[in-house]
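Me: Could you walk me through this structure, one question at a time?

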Amino acid sequence: MARLPRWTLPLFLVLLFQLLFSSGSVLRESDEEEFSEELLLRPLPDRKVLAHFHFESRAPPSLADSYGRHHHLFPKAIAQLVQKFRVKEMELSFTQGRWNYERWGGFDPISSKNAKPPGVELWAVFDVPQNQVDVYWKNLTHSLSGLFCASINFLESSTTYSAPQWSFHPSSGSLRYGTLPREAVCTENLTPWLKLLPCRDKAGLSTLMDRPSIYKGFYHSQRLHLTSGGLESGIILGQTLTVVLQPTSQRASGTSSGANLQPSWSLSSVFGRKVTTRCVLAKSSNVYLQLERGLVTELENLQKENPISGAVFMDSEELRSNPGFELSVKPDWAFKEVNSLHSKGLSVLYEYSMAKYNDSEPFDLTLTWKSPVVWSCPQAPLHASRFLMGSGNERGAIAISLISTGLKENFMGANFVEDRSKLEVDIFQVVPWYIKVYFHTLRVFVDGKPQALADVVEKMRVSPSEDKVSPGVMELLLKFPCDVESATLTLEFDKGFLHIDEYPPDANQGFDIPSAVISFPYFHESVYYLQDNSLNKAPMLSKFQDKSPVRSYTEVLLVPLTTPDFSMPYNVITITCTVFALYFGSLLNVLRRRVGEEERFLKNKAAKRGGRLPQLLSKLYAKLRGKEWESSPSSSVLSSLVNTKLILKLKRITANMKEARGKDVYPEAAEDLNLQVDVIPDVTAPSAGL
């Protein structure tokens with residue numbers, strides 16, 4: 001048998017080592033955590049600016065089930081929540097203000113996914129049996145409450161959350177949904193949210209989140225969306241912050257003025273800061289400027305009136321010659337929307353990469369308007385609003401109004417077949433248990449005319465409320481004609497009574513009814529941009545391509561309930577405590593007081609304080625009066641009443657008595673003495689007015 005050469009073994013070991021190293025690197029790349037940061041800026045028709053921050057962290061499937069393993073980029077606290085409470089999908093939002101669907105739009109991904117109701121909204125889908133969902137929900141609320149420094153633990157009570165079946169999210173019974181409309185949002189909630197980022201707010205796009213600039217805006221909503229795919233896709237954590245700000249006017253000299261001229265703005269004027277560097281841990285760091293469909297249409301009309309050709313603003317020459325606006329920084333890429341069902345033009349997106357900017361050359365994008373431009377944002381098929389009817393503290397009614405926005409071209413998104421030739425609307429509404437809704441009083445009006453429920457209501461699920469146990473839930477699937485102009489739904493209710501311990505501190509302000517959710521199943525707000533393969537991996541643009549129903553939220557209703565006289569318990573407690581204090585004080589005084597000992601103590605104290613001279617004078621005065629001398633507790637007062645005149649008068653009386661004895665005229669002198677003695681006041685009495 002032939003032997004191999006000696007040099008074959010080292011060569012084989014080298015090849016084996018390279019093979020193992022390459023396979024390890026491949027596995028390492030597949031198990032690598034990823035983080036990306038993006039910012040989208042959009043001018044709004046009402047002279048405001050929309051800023052939408054998007055951060056995405058990914059944990060590979062190998063780390064999804066590794067409990068307690070160290071994470072480099074993905075927040076460990078979120079991974080532990082997923083593993084401990086078996087969360088399949090979760091969304092948590094903190095919102096201050098209300099999204100203006102009429103001015104800021106309602107038919108785009110940002111308004112449908114990131115426009116949230118005021119306060120706190122939480123929903124979660126669990127991968128556990130049905131009988132354990134409530135237990136995991138309660139534990140999750142307590143963990144999130146401590147993690148984000150909020151009152152999310154109030155959602156633990158069964159009276160604050162519900163289990164929608166099909167109108168909110170297709171979850172097959174493992175979904176729980178709860179809201180806290182009155183929860184205040186402040187920096188205590190934003191700081192824990194920023195701590196989940198690898199660079200926090202020390203580097204990257206998160207440095208623009210200046211607290212005064214954000215919280216002085218008209219609307220801001222911080223959102224956390226979590227998706228766990230287990231061994232298939234790992235854990236994906238999306239963090240978004242949507243802010244609507246009012247920029248300060250920075251109009252350059254020589255520009256035309258007018259009421260419709262938009263205020264020029266820059267990053268430094270809106271946020272008070274510039275982007276100096278990107279987060280070094282981020283795989284991609286980009287800033288986008290989006291011009292929506294209505295604005296692009298108006299700019300193209302201005303471009304047609306200008307002799308310079310070109311109307312899509314896709315290159316630097318067209319941007320410089322554009323009569324509508326001017327950008328201070330040339331974009332790296334420009335993309336135009338494709339496959340849009342809207343007839344009002346196509347939106348345009350400009351991209352800026354933060355990789356080439358540093359401290360010496362910060363990024364500060366400035367948009368300067370040259371001409372007045374008026375446009376409108378795309379609207380949902382129907383604009384939803386909700387209000388209360390009736391008066392008094394006993395009964396009332398809830399009304400939901402749906403008004404057509406006049407954008408008939410939006411109906412192109414529906415599939416006009418025989419079964420879907422009508423506009424479908426899903427309504428999901430949760431009412432607290434103390435608002436006793438009578439669901440049988442549901443009435444529907446289409447264009448001002450009452451309709452039979454069988455002609456309008458396609459599907460309905462009602463869960464009546466139970467006192468102090470669960471809220472009332474209503475899920476409706478309505479079908480309206482495509483040319484509907486308005487529709488109204490009304491529900492009557494009675495106002496319940498609460499125990500005094502169940503009232504909040506500000507009970508006279510009223511009680512909140514959470515926002516109703518209105519969705520359109522056959523209208524999707526996805527946006528596609530013509531881009532290369534590298535940009536297809538941009539997380540935020542990938543989210544824009546997801547097809548999800550158009551969704552909007554109604555107003556939060558404030559219902560006044562009958563409140564008791566909260567001062568009455570205070571008055572009763574005060575009077576009772578006063579009576580008890582007087583009674584027991586008098587009783588203890590009588591039981592513990594000793595009159596004889598107190599009088600002897602006062603006499604001895606007065607005797608010690610007065611001295612011997614007052615005692616001698618008192619004894620002498622008693623002998624002259626022919627009375628027995630007694631030690632008085634007022635001898636101290638006697639010393640203060642004796643004066644020089646009294647002492648001289650006593651000496652004169654003594655001398656007269658001696659002279660009378662010598663002359664044997666004692667009887668007459670005695671009468672004179674008695675007369676004179678009677679003139680002397682009783683100095684031993686405390687009431688003597690000397």
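Reply: Happy to! One term first: two strands pair if DSSP finds at least two bridges between them. This is a predicted model.

Me: Which residue in strand 14 does S266 stand opposite?
Reply: Strand 9 and strand 14 (residues 366–369) run antiparallel and are joined by two bridges. Within this pairing, the residue in strand 14 that stands opposite S266 is T366.

Me: Why is one side of strand 9 and of strand 11 left without a neighbour in the sheet?
Reply: The open sheet here has three strands with antiparallel pairing, in the order 9-14-11. Strand 9 (265–266) and strand 11 (325–327) each have one side without a neighbour because each stands at an edge, with a single partner strand.

Me: What is the order of the five strands in the other open sheet?
Reply: Let's build it from its pairs. Strand 17 (residues 423–431) pairs with strand 24 (residues 517–524) in the antiparallel sense, over three bridges. Strand 24 is also joined to strand 26 (residues 549–553), by five bridges and again antiparallel. With antiparallel pairing, the order of the five strands is 20-21-17-24-26.

Me: Which strands stand at the edges there, and what is the average twist from one strand to the next?
Reply: Strand 20 (457–463) and strand 26 each have a single partner strand, so these two stand at the edges. From one strand to the next, the twist averages 15 degrees.

Me: Which residue in strand 26 is the bridge partner of F520?
Reply: Strand 24 has bridges to strand 17 and to strand 26. Towards strand 17, S519 in strand 24 is the bridge partner of D426. Towards strand 26, the bridge partner of F520 is V550.

Me: Is S221 buried or exposed?
Reply: S221 lies in strand 7 (residues 219–228). The cut-off for buried is under 20% relative accessible area. S221 has a relative accessibility of 1%, so the residue counts as buried.

Me: Which side chain makes a polar contact with that of S221?
Reply: Leaving aside residues up to four places away in sequence, S221 touches S93, F94, T95, N114, K116, T240, L241 and T242. One of these contacts is a polar contact of 3.0 Å between side chains, and the partner of S221 is T95.

Me: How far apart are the C-alpha atoms of K138 and S158?
Reply: K138 is in helix 6 (residues 133–148) and counts as partly exposed, at 32% relative accessibility. Beyond residues up to four places away in sequence, K138 touches E156 and Y161. S158 is 20 residues away along the chain, and the separation of the two C-alpha atoms is 9.2 Å.

Me: How far apart are the end C-alpha atoms of residues 570–591?
Reply: The UniProt record, an unreviewed entry, places the feature "transmembrane region" at residues 570–591. In the model this stretch is 100% helix and 0% strand, and its end C-alpha atoms are separated by 32 Å.

Me: What share of the chain's contacts with a separation of 6 or more comes from residues 24 or more positions apart?
Reply: For context, the chain contains 19 helices and 27 strands, and buried residues make up 46% of its 690 residues. Among contacts with a separation of 6 or more, the share from residues 24 or more positions apart is 75%.

Me: And how much of the accessible surface belongs to carbon and sulfur atoms?
Reply: The accessible surface of the chain comes to about 35600 Å², and the part belonging to carbon and sulfur atoms is 55%.

Definitions and conventions:
Residues are numbered from 1 along each chain as its sequence is written. This is a predicted model: local features need pLDDT of at least 70, side-chain atom pairs count only at pLDDT 80 or more; totals for chains, interfaces and linings use all residues. Side-chain values use heavy atoms; hydrogens and water are left out. Helices (H or I, at least four residues) and strands (E, at least two) are DSSP runs, numbered from the N terminus. Axes are lines fitted to C-alpha atoms, for helices over the stretch in contact, and angles run from 0 to 180 degrees between N-to-C directions. Buried means under 20% relative accessible area, exposed over 50%, partly exposed in between (1.4 Å probe, protein chains only). A polar contact is a pair of N or O atoms within 3.5 Å; within protein, one must be able to donate a hydrogen and the other to accept it, and residues adjacent in sequence count only if both atoms are side-chain atoms. Contact means heavy atoms within 4.5 Å. Accessible areas come from the Shrake-Rupley method with a 1.4 Å probe; for residues, only the protein chains shown count as cover. UniProt positions are given in the numbering used here, feature names are shortened, and annotations may be inferred rather than shown by experiment.
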